[in-house]
Amino acid sequence: MKKLLAVLAATTCITSAHAQELKEFNIGILGGENAQDRMTSNECYRAAIEKELGVPVKVFTPADYDGVIQGLLGGTLDMAWLGASAYAKIYLTDPKAVDVELTKLNLNDSTGYYSIAFARKDSGITSIEDAKGKKFAFGEPNSTSGYLVPAAEMIATYGPLDKFFSEVKFSGGHEQTIVGVANGDFDAGVSWADGVGNWEDGYASGAFRKAADAGLVDMNNLVEIWRSKMIPEGPMVVRAALPADVKDKVTKLTADLWETDAKCAYGVAAGEAKDFVPATHDMYLGIVEARKLSGK
């Protein structure tokens, strides 16, 4: 019996060591801006994780949110920063697929942000009521601030949106919505920001700040017309099946990023923030329930 136990123990150790072997690490970046900008903003982050893990690290920028969602569910992606709604979809599909690790702490110590509706300043639209009968853009169906939350809040107040607006469109992402409204392709739309600081800067962090930093829009030509209730900042998640030491290394590196490389952290956070802090599934219970109710 002792000999059999020894053989079984040795076999278990070999199997465990084989399972723990990591050959590469893949990061998914949600849509919201063009693929090249996403790659550029996260290159320093990719390189830091590669150095820490000692294996090749690749960044993937699918055209839509669902590409990242399915990558995490299917095991082809190992980590991602998600929106709360994207995380809710993963959890509702497979509650054991990913572990929630971190979220963003804003300059005002909040871990929340807003869906913000906006229009061109010269359009004469200064409120959602002014946008009635106009062409309105959401980002994409798996976006929290680009669809789930604003749609739910607006429907509760104004009724079916296809009856309130003349036309409701999905632009494909936050950057597309911002540029589309600025160019007059849509009369109004929604995107996201932390709501900290000044509108003309695109606030401290978020899609408006990224677009302003990139020179895609002049925020002085746009006007905020509505904002949602506060939404929980999305989580950084890692694939649950990863070795524990890999998850710990990536999480610690990210948690320390504002201290070790603030310029890199700025790109990851889509602007100014205070830190990346621990997060839990319970922070997203409301979004999970909203996602259930939406039926999507």
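**A six-stranded sheet, its helices and one disulfide**

Strand 4 is joined to strand 11 (residues 236-239) by four bridges in the antiparallel sense. Strands here are DSSP runs of E with at least two residues, helices are DSSP runs of H or I with at least four residues, and both are numbered from the N terminus. Two strands pair if DSSP finds at least two bridges between them. The model is a predicted one, in which local features need pLDDT of at least 70 and side-chain atom pairs count only at pLDDT 80 or more, while totals for chains, interfaces and linings use all residues. Residues are numbered from 1 along each chain as its sequence is written, and side-chain values use heavy atoms, with hydrogens and water left out.

Within the pairing of strand 4 with strand 11, V100 faces V237 of strand 11. Strand 4 also runs antiparallel to strand 12 (residues 275-278), again with four bridges between the two. There T103 has V277 of strand 12 as its bridge partner. Strand 4 itself spans residues 98-105, and because six of its eight residues are buried, it is largely enclosed by the rest of the structure. Buried stands for a relative accessible area under 20%, exposed for over 50%, and partly exposed for what lies in between, with a 1.4 Å probe and protein chains only.

These strands belong to an open sheet of six strands in the order 2-1-3-11-4-12, and its pairing is mixed. Strand 2 (57-60) and strand 12 are the edge strands, each pairing on one side only. From one strand to the next the twist averages 25°. Towards the strand 2 edge, strand 1 (residues 25-29) and strand 2 are parallel, with four bridges between them. I27 is bridged to V59 of strand 2. Helix 3 packs on this sheet, where it touches strand 1, strand 3 (79-81), strand 4 and strand 11, and its direction makes about 150° with that of strand 3. Contact requires heavy atoms within 4.5 Å. Angles run from 0 to 180 degrees between N-to-C directions, and axes are lines fitted to C-alpha atoms, for helices over the stretch in contact.

Helix 3 has a helical neighbour as well. Helix 3 (residues 65-74) packs against helix 4 (residues 84-93) at an angle of about 35°, and the two axes are 10 Å apart. Their crossing is right-handed, the near helix being turned clockwise from the far one by less than a right angle, whereas an anticlockwise turn would make a crossing left-handed. On the helix 3 side the contact is made by D66, I69, Q70, L72 and L73, and on the helix 4 side by A86, K89, I90 and T93. Five of the residues in this contact are nonpolar, two are polar and two are charged. In this division Ala, Val, Leu, Ile, Met, Phe, Trp, Tyr, Cys and Pro count as nonpolar, Asp, Glu, Lys and Arg as charged, and the others, Gly among them, as polar.

The next topic is the covalent link. The structure has one disulfide, a disulfide being a pair of cysteine sulfur atoms within 2.5 Å. It is formed by C44 and C264, whose sulfur atoms are 2.2 Å apart. The link of C44 and C264 is right-handed, with 95° about the S-S bond. It connects distant parts of the chain, 220 residues apart, with C44 in helix 2 (residues 35-53) and C264 in helix 11 (residues 262-269). C44 is partly exposed, at 29% relative accessibility, whereas C264 is buried, at 2%.

In helix 11, C264, A265, G267, V268 and A269 are buried. A270 follows helix 11 and has a positive phi, near 60°. Helix 2 also holds N42, which is buried with a relative accessible area of 7%. Not counting residues up to four places away in sequence, N42 touches I29 and V268.

Two further buried residues lie in other helices. I178, in helix 7 (residues 174-182), is buried because its relative accessible area is 0%. Apart from neighbours within four places in sequence, I178 contacts F118, S191, A207, F208, A211, V217 and L222. From I178 to Q70 the separation is 108 residues in sequence and 26 Å in space, C-alpha to C-alpha. S145 is in helix 5 (residues 144-158) and is buried at 2% relative accessibility. Leaving out residues up to four places away in sequence, S145 touches Y113, Y114, S115, P150, H174, V190, S191, W192 and I231.
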